[in-house]
Structures are given as C-alpha cells and as structure tokens.
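What follows is a walk through one chain, going from its interior to its sheet and then to two individual arginines. Please keep the sequence and the model side by side while reading.

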Amino acid sequence: MRPVAPLLVASPPAPYRLVIELPALPHLQSGTWGHWARRRKHDKQWREWVGLTARAMGLPPAPLARAHVKVVRFSSVQPDADNQVAAAKPLIDGLIGLVIVDDSPMHITREYDWFRAPPRQGKTVVVVEERQA
C-alpha cells in the first residue's frame, strides 16, 4: 500500500484587531462648544492623532468593510451618553480610509463605555475588531 501524504489545511488568518490608547480626553461637547473654527481645529487634531497612531501600530492590508469599534473613556466624571458619542466622532473619523472603509452602520457597529479614573489621569481607548460579513 502506498503512503498517503498528510492533508495540510491552512487555518484562516486571525481577524484584525487594533487597540489605540491615547493619554488624553476629547472635549465632551464636540459639536456644541466654542467658535466653529476652534471646534474644527480640535476635531482635526484628534482625527490626525488617531490616524497617525493607527499607522504606527499597523494597518490592515485594506480598510475593513465590516468592523466593530469600541470607544472607552476613562475619566473622573461620567459623561452623559449623547456627549460621549459626540466626543468619539473625530476619533472614529480618523479611522476612515485607513482602518475602516466608512463609519456608516452598513460598515461598522459601535460601542461606547466609561470607567472611572483619578482626576487628571484620563485617557481614551479605541478598539477596532474585524467582523465577518
């Protein structure tokens, strides 16, 4: 009898996962505070910071068509839900075209969370996980 070669089965690649930890907090009332030019500059800085950090940590081969994005705020005061979502917008926008295709509900699901941190030790964590279509 002839020996049979073992069947090699390649395991699928692990889903892409990115964790960005930023040692600061975006302004909570992103769309409702100050002069429009000041808000625009703030949002642009956060978009660029997230984009540069994502590049440094490693981008997926192509932007993800389906992903779950979680934004976690660590601060001494718990924000209300509306402000937390508004504050996270420039962070998610910084991922568009690099890590995710688009931020529409067709492409991503979102989750927001908050944990208490000591005063002046706030941080923001953005987690992106690839989802299967």
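In this predicted model, the largest nonpolar core comprises 21 residues, and those with the most contacts inside it are I20, V69, L95, V99, I100 and V128. At least two residues of this core come from each of β1 (17-22), α1 (36-57), β2 (67-75), α2 (81-93) and β4 (123-130), an arrangement that can be read against a general tendency. In soluble globular proteins, nonpolar side chains tend to be buried together. I100 serves as an example of how such a residue is surrounded: when residues up to four places away in sequence are not counted, I100 touches P63, L64, A67, I92, L95, I108 and V128.

The strands can be taken next. Four of them form an open sheet in the order β1-β4-β2-β3, with mixed pairing. Because β1 and β3 stand at the edges and have a single partner strand each, one side of each is left without a neighbour in the sheet. From one strand to the next, the twist averages 15 degrees. Within this sheet, β2 and β4 are paired in the antiparallel sense over eight bridges, and V72 has V125 in β4 as its bridge partner. Helix α2 packs on the sheet, where it touches β2, β3 and β4, and the direction of α2 makes about 120 degrees with that of β3.

Which residues does R47 contact, once its neighbours within four places in sequence are left aside? R47, which is placed in helix α1, is in contact with P90, D93 and G94. The C-alpha atoms of R47 and L95 are separated by 7.7 Å, although the two residues lie 48 residues apart along the chain. R47 has a relative accessible area of 31%, and because this value falls between the limits of 20% for buried and 50% for exposed, R47 is classed as partly exposed.

A second arginine, R120, is found in the loop between β3 (108-116) and β4. With a relative accessibility of 85%, R120 counts as exposed, because the limit for that class is over 50%. The backbone of R120 also deserves a look, since most residues other than glycine have a negative phi. R120 has a positive phi of about 65 degrees, although it is not a glycine.

Key. Residues are numbered from 1 along each chain as its sequence is written. This is a predicted model: local features need pLDDT of at least 70, side-chain atom pairs count only at pLDDT 80 or more; totals for chains, interfaces and linings use all residues. Side-chain values use heavy atoms; hydrogens and water are left out. A nonpolar core is a set of buried Ala, Val, Leu, Ile, Met, Phe, Trp, Tyr and Cys residues joined through side-chain atoms within 4.5 Å. Buried means under 20% relative accessible area, exposed over 50%, partly exposed in between (1.4 Å probe, protein chains only). Helices (H or I, at least four residues) and strands (E, at least two) are DSSP runs, numbered from the N terminus. Contact means heavy atoms within 4.5 Å. Two strands pair if DSSP finds at least two bridges between them. Axes are lines fitted to C-alpha atoms, for helices over the stretch in contact, and angles run from 0 to 180 degrees between N-to-C directions.
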